[in-house]
Structures are given as C-alpha cells and as structure tokens.
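Work through the exercises below with the model open. Each task is followed by a stepwise solution.

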Amino acid sequence: MQIGRVIFQNTFSKLQSIRQISTTLNAMAPIKVGEKLPSVDLFEDSPANKINTGDLTSGKKVVIFGVPGAFTPGCSKTHLPGYVSSADSLKSQQKIDEIVCVSVNDPFVMSAWGKEHNASGKVRMLADPSAAFAKALDLTIDLPPLGGVRAKRFSMVVENGQVVELNVEPDGTGLSCSLANNLGKK
C-alpha cells in the first residue's frame, strides 16, 4: 500500500512539473492576431520621455513595425523609408492613426535615425533599449554582430490595443512580408 502511494505521489509530481513547463512554454509563444498588445514603456527622443504601448494604442489604429537595428543597411535603405514614403496613404486609405518604428536601440539613436530619414510627422521613432517590448512579444533574435538580442523584423496593425494583423519575417531579418506595401494584404 505504501509503495503504491509513493508511486502515485511521484507520478502526480511529474505531471505537475509537465503542466508548469507547458504553461511556461505557452506563455512564451510569440504574440498572435487577436491578442492584446503587451503594455511596455518605450522611449522617444530621450530617456525622460516614456511612451507606454498600452496608452499609445488605446482607442486608435496603429501600425508598429520592428527592425533589428537603426542605421543598419536593410532598415535604412528599405524598411524605414518604405513606411515614411507610405505614411500618408496608409493613414488615409487604411485609416491608420499612427505609424511607429521600434528598435532595440537607445532613444538618441532612434531620434537621429528618424531625422536622417525625415520621419517627423510620419513615423514615430521609439526605442526599446533593453528589448523589453521585443521580449514581451517574443519576437527577439540573437544577433551578436549587432550587439546581441534584437527585435525580429515585423509589422503589425493594432486596433484599440488588440493585434489585428501580424507579419513576422520568417528568418527574423528578411525584407518581405513586414514591408509597408504588404500591410492589409492578408
């Protein structure tokens, strides 16, 4: 009788561990369409200017696109310029209230990068210095030559805090599905 109880307790304990692991893995799954955007503080222009993603998207339709790094070739030649040049049409045709670029960089770098690409009034340049937002989305990629953990290249449309469209580059860095001209095509 005692042996049976020990076996049952060991089996039950293992099942609880498996459930905990499963719950943890599910909690770490990348964000999906239909889910609420995590509320994370990003920074605009300086560390003193916090922008909370929950507040940013509340009651609005917002495009958020993430890039691996400011001033990197693909981000500077294609990704950001595509959103800057498409800003007016995205806002009028798709009724977008704001377009936001997020990168794992400091706010000063993001501000300088935005100025270089004439993003003012078209694309808000927000810094995710500790990758807190990218981690909360589970859209990180380890790129040691760029400093380690970075955001995967992605784009999303968020309506009133809920993700309604999500495009994540299959390899995390490519330039295809996350480009401005692909929004709204799903």
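**Exercise 1. A loop residue**

Task: In this predicted model, find which residues K36 touches, not counting residues up to four places away in sequence. Then decide whether K36 is buried or exposed.

Solution.
- Step 1. Leaving out residues up to four places away in sequence, K36 touches I31, G161 and Q162.
- Step 2. Place K36 in the chain: it sits in the loop between α1 (2–27) and β1.
- Step 3. Check a long-range distance. K36 and V158 are 122 residues apart along the chain, and their C-alpha atoms are separated by 8.7 Å.
- Step 4. Read the accessibility. The relative accessible area of K36 is 69%. Exposed means over 50%, so K36 is exposed.

**Exercise 2. Fold and confidence**

Task: State how many helices and strands the chain has. Then find where pLDDT stays under 50.

Solution.
- Step 1. Count the elements: five helices and nine strands.
- Step 2. Write their order from the N terminus: α-β-β-α-β-α-β-α-β-α-β-β-β-β.
- Step 3. Take the contacts with a separation of 6 or more. Residues 24 or more positions apart account for 64% of them.
- Step 4. Add burial. The chain has 186 residues, and 43% of them count as buried.
- Step 5. Turn to confidence. The average pLDDT is 85, and 84% of the residues score at least 70.
- Step 6. Locate the weak stretch. Over residues 4–27 pLDDT stays under 50, and the model has zero contacts there beyond four places in sequence.

**Exercise 3. The two sides of α4**

Task: Which residues of α4 are buried, and why do they line one face of the helix?

Solution.
- Step 1. List the buried residues of α4: P107, M110, S111, W113 and G114.
- Step 2. Look down the axis of α4. Its buried residues fall within an arc of 165 degrees, so they line one face.
- Step 3. Find their partners. The buried residues of α4 pack against β1 (41–43), β3 (61–67), α3 (73–93), β4 and β5.
- Step 4. Turn to the face away from the buried side. This face of α4 carries the exposed residues F108, K115 and E116.

**Exercise 4. The largest pocket**

Task: Describe the lining of the largest pocket. Which element gives the largest share?

Solution.
- Step 1. Take the volume: about 200 Å³ of space lies in the largest pocket.
- Step 2. Count the lining: 16 residues, with A119, S120, V123, R124 and M125 nearest the pocket centre.
- Step 3. Assign elements. β4 (98–103), α4 (107–116) and β5 (124–127) each give two or more residues to this lining.
- Step 4. Pick the largest share: α4, with four residues.
- Step 5. Sort the lining by class: seven charged, five nonpolar and four polar residues.

Technical notes:
Residues numbered from 1 in each chain as written. Predicted model: local features only at pLDDT ≥ 70, side-chain atom pairs only at ≥ 80, totals over all residues. Heavy atoms only, no water. 1 Å grid on protein atoms, 1.4 Å probe; cavity = no way out; pocket = protein on both sides within 12 Å on 5 of 7 lines; lining within 4 Å. Points joined across faces, edges and corners; volume = space filled by probe spheres on them. Nonpolar A, V, L, I, M, F, W, Y, C, P; charged D, E, K, R; others polar. pLDDT = per-residue confidence, 0-100. Contact = heavy atoms within 4.5 Å. Buried < 20%, exposed > 50% of the residue type's maximum accessible area, 1.4 Å probe, protein only. Arc of directions from axis to C-beta.
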